[in-house]
Amino acid sequence: MQRRSVLATTMAALALTVTAAFTVTGCGSGRMAALHANCRTKGLSWRVTVLKAVPRSAQREARLSVVNKGSQPCVFDGFPSFAVHVGKGPESEGKGQGRTMPIDLRRGGTVTTSLRYKDHGPGMTPADCLVSNDEVMVGAPRDHHQKAIKVRDEKGKKTRMNVCEQTVWMGPPVELNG
């Protein structure tokens, strides 16, 4: 009889601990990320937006936006893969700068990553750059699959990324609330 009492007390304490953990952390927090699978490229909707050029600057800014279109939350853990290339020729790859934290991305949630690269400057043409393309290759962190997406400007029109170096610098991914 005493053994059942100890077992019942232990089970009650475990149930209380689990309930308290859900109450304190909430379902969308980083602590809950361990309960979800990593995000996969095919379950995400991707968009790259080249921002308006700053006059007389060789640096260009862009934004990579990712929306979870899957049926379940997923964990966006690290920098996405990102590359601009011309066929099988020259390529500029994304390289992360800064520290990333796992993001528990709810269904419909959005993550953005800032991009910075050397564009053709004054006295240069896009042909002077290493690569120029209206399409980029993207992929979720920790996923070997990639997807080709079209490059857009801030008005949603097709545009090109003219990258004059081998690296496109990426800021840490952040979740957009709302």
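Valine 50 stands opposite aspartate 153 in strand 10, and I would like to start from that pairing, bearing in mind throughout that what we have here is a predicted model. Strand 10, which covers residues 147–153, runs parallel to strand 1, and the two are joined by 3 bridges. Strand 1 also pairs with strand 2, residues 59–68, but in that case the strands run antiparallel, with 7 bridges between them.

Let me stay with strand 1 for a moment and turn to threonine 49, which has its place in that strand and stands opposite arginine 63 in strand 2. Is threonine 49 buried or exposed? Its relative accessible area comes to 6%, and because the limit for buried is set at under 20%, threonine 49 counts as buried. If we set aside the neighbours within four places in sequence, threonine 49 is in contact with Ala62 and Arg63, and also with Arg152, Asp153 and Glu154. As for strand 1 as a whole, it is mostly covered, with 5 of its 7 residues buried.

From the strands I move on to the cysteines, where the structure holds 2 disulfides. One of them joins cysteine 39 to cysteine 74, with a sulfur-to-sulfur distance of 2.0 Å. Which hand does this disulfide have? The torsion about the S-S bond is about 85°, and the disulfide of cysteine 39 and cysteine 74 is therefore right-handed. Cysteine 39 sits in the loop between helix 1 (2–25) and strand 1 (44–50), whereas cysteine 74 belongs to strand 3 (residues 74–76), so this pair ties together parts of the chain that are 35 residues apart in sequence. Both cysteine 39 and cysteine 74 are buried.

The other disulfide is formed by cysteine 129 and cysteine 164, whose sulfur atoms lie 1.9 Å apart. Here too distant parts of the chain are linked, 35 residues apart: cysteine 129 is found in the loop between strand 7 (110–118) and strand 8 (131–133), and cysteine 164 in the loop between strand 11 (161–163) and strand 12 (167–170). With a relative accessible area of 10%, cysteine 129 is buried, and cysteine 164, at 18% relative accessibility, also counts as buried.

How, then, are the bonded cysteines connected when we count them along the chain, and what pattern results? The disulfides follow the pattern 1-2, 3-4, which corresponds to cysteine 39 with cysteine 74 and cysteine 129 with cysteine 164.

Definitions and conventions. Residues numbered from 1 in each chain as written. Predicted model: local features only at pLDDT ≥ 70, side-chain atom pairs only at ≥ 80, totals over all residues. Heavy atoms only, no water. Disulfide = S-S within 2.5 Å. Helix = DSSP H or I, 4+ residues; strand = E, 2+ residues; numbered from the N terminus. Buried < 20%, exposed > 50% of the residue type's maximum accessible area, 1.4 Å probe, protein only. Pairing = 2+ DSSP bridges. Contact = heavy atoms within 4.5 Å.
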